[in-house]
Amino acid sequence: MSENGLKTIILPTSLTVRELAEITESSPIQVIKVLMANGVMANINQQIDFDTAAVVASELGFEASLQVYEEEETIAETGTIPLWRQMISDESPSDLKPRPPVVTILGHVDHGKTTLLDAIRQANVAEGEAGGITQHIGAYQVEHKNATITFLDTPGHAAFTAMRSRGAQGADIVILVVAADDGVMPQTKEAIAHAKAAQVPIIVALNKMDRPDANPDFTKNQLAEAGLVPDDWDGDTMIVPLSAKKKEGIDDLLEAILLTSEGMEILANPNGSTIGTIIEAEVDRAKGVMATLLVQNGTVSMGDTVVSGTSYGRIKAMFDYKGNPLKKAGPSTPIQIMGLNEVPHAGELFQVVKNSKAALVIVDERLNDAKEKRSNAKKATLEELFSRVQAGEEQELRMIVKADVQGSLEPIVNSLNDLSTGDITINILHAETGNISENDIMLAAASKAIVVGFNVTSDSAARKMAETEGVSVRLYNIIYRLTEDVEKAMKGMLEPEYVDKVIGKANVLAVFKVSKQGSIAGCRVVSGELRRNAKARVIRNDQVVYENEVASLKHEKEDVREVRTGFECGIGIKNYADFQVGDQIECYVKQLSTDG
Ligand code: GDP
């Protein structure tokens, strides 16, 4: 609880409307309404920044503070087990053999990633190779002191993030390139966060040491602040000074990679189930789909059937990173293959299966899953509809209609349908006789509809659910009132401009604590009326100290819908427990600015 009586919550730098609703225990519609009142039109899945979220939170009774990652462990702890470790978790330990480390290079733009990758490739791959590598397949291998290292040659976060977001984890070690003349920059920090989240160790390549303005100590300081404490400062991050441009320090970097990998037990079973990650893929006009694969467990052989996502096929031709034909490729080997029927996604996993029949079973399953996802996504967009209706962007008002008898249901449905205009249509999802039930509310919540009842009531379970789900339920006993209100609502959708209209004022005479979360103000209504389904603000010394929805309204222990001037009542305001004797309570409703 903060000093001003608001509950404290911690929010990230940005979050969706839905997430904010969950954190503040409100309905998304409530959040959208507050946003609207503050001039922000947002739908349920829209990202809002911390400042906006904090304003909404305070109106919902919370004081928001920004989430800070102080401990470097925070990110690491939330990370997953590196994928390759998961891949080999089913293998018997005695079958596991060391494999070359797979390295990826990250860093801020212009800090020298491409130059470094080229320097490593030229210095080590080209040796003894007439002409060196002419092709570029997104990965290559180098030999250093009789050990092999695989480099993913797709620098930049996009590739790395794509891999992570698809659950794949290609790299065992990240080389973070930091220019010594520029220091730690935003993308450097991002790269650190990515690597930590993926639980991949980082080696820093302190590049551009040849530049006169290189300032290694300053950069090391910044790195230490970002959670990478140099090993020569008693930390555990290896920092290798080098110049990619002058090709100086490259061997030291390779040495550091081998040292790091030795401590990591980078293993795979060359005879186990064959699985890996797609590094790159494209269509070649002459050769068809060409895909670069990184084998991570097992061995890929010519003629194997590969499946990745919904792409599959028998390997018709297979090459190493130099473009030489290859028959077999074991763990950590980058290969280029021909034979897939469609272009697979970079970052997606692949597996080798027995034959095309087995591949088709997997592909069919995935196609079905994708179809299901698409129809779910459609549902989700339906969910947004109501907020868009409210924001004037959507042209349909969905309703669920309940009435006491068939004889009144039909004319209601007919007159509602007659209200459809060219701009907005009324869509009655469900019309039935009987009281409003939890099922009706569930349907309304799922399709963002409103529920209207004629000469019926809603049971208490349904009312509770309506409140938690943010479903609006309106009860009527005169048909024209019902249609009049709907017509008004439609106007509201056309002109979603609401103003606060004060409907009553009361003075607080006594305060009763009823629970940890709430207290009740015993009041006398001095003007207008207090209403149960309205909002209220607490005014102290002419200052509004809090405002939110009326949570409860009682007159002589009875729950009531309204209390008029001159009467006493007990009022509770949502999430508020700090009433003081002498406060004034102002009850208000939001209404269209065009209404009287
Ligand atoms: P990337 O955006 O991280 O891939 O950076 P590049 O490799 O494209 O390099 C950006 C610029 O920095 C280029 O002009 C390079 O020539 C230059 N550069 C890269 N490494 C070094 C270095 O070690 N020393 C100097 N002086 N310049 C470098």
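**Exercise 1. Find the strands that pair with strand S32, and give the sense of each pairing.**

Solution. Begin with strand S29, residues 543-555, which in this predicted model pairs with S32 in the antiparallel sense over four bridges. To fix the register of this pairing, locate Ser552, which stands opposite Gly572 in S32. Then turn to strand S27, residues 519-531, which also pairs with S32 in the antiparallel sense, over four bridges. Here the register can be read from Ala521, which stands opposite Ile571 in S32.

**Exercise 2. Decide whether strand S32 is mostly covered or mostly open, using the burial of its residues.**

Solution. Take the strand as residues 568-573, and count those that are buried: five of the six residues meet this description, and S32 is therefore mostly covered. Cys569 can be checked individually, since its relative accessibility of 7% lies under the 20% cut-off, and so Cys569 counts as buried.

**Exercise 3. Determine how many disulfides the model contains, and explain why Cys569 is not bonded to Cys523.**

Solution. The rule asks for a pair of cysteine sulfur atoms within 2.5 Å, and by this rule the count comes to zero disulfides. For Cys569, the closest cysteine sulfur is that of Cys523, and because the two sulfurs are 4.8 Å apart, they are too far from each other for a bond. Cys587 is likewise in no disulfide, as the nearest cysteine sulfur, which belongs to Cys569, is 9.0 Å away. As a last step, consider the surroundings of Cys587, which has a relative accessible area of 0% and is therefore buried.

Key: Residues numbered from 1 in each chain as written. Predicted model: local features only at pLDDT ≥ 70, side-chain atom pairs only at ≥ 80, totals over all residues. Heavy atoms only, no water. Buried < 20%, exposed > 50% of the residue type's maximum accessible area, 1.4 Å probe, protein only. Helix = DSSP H or I, 4+ residues; strand = E, 2+ residues; numbered from the N terminus. Pairing = 2+ DSSP bridges.
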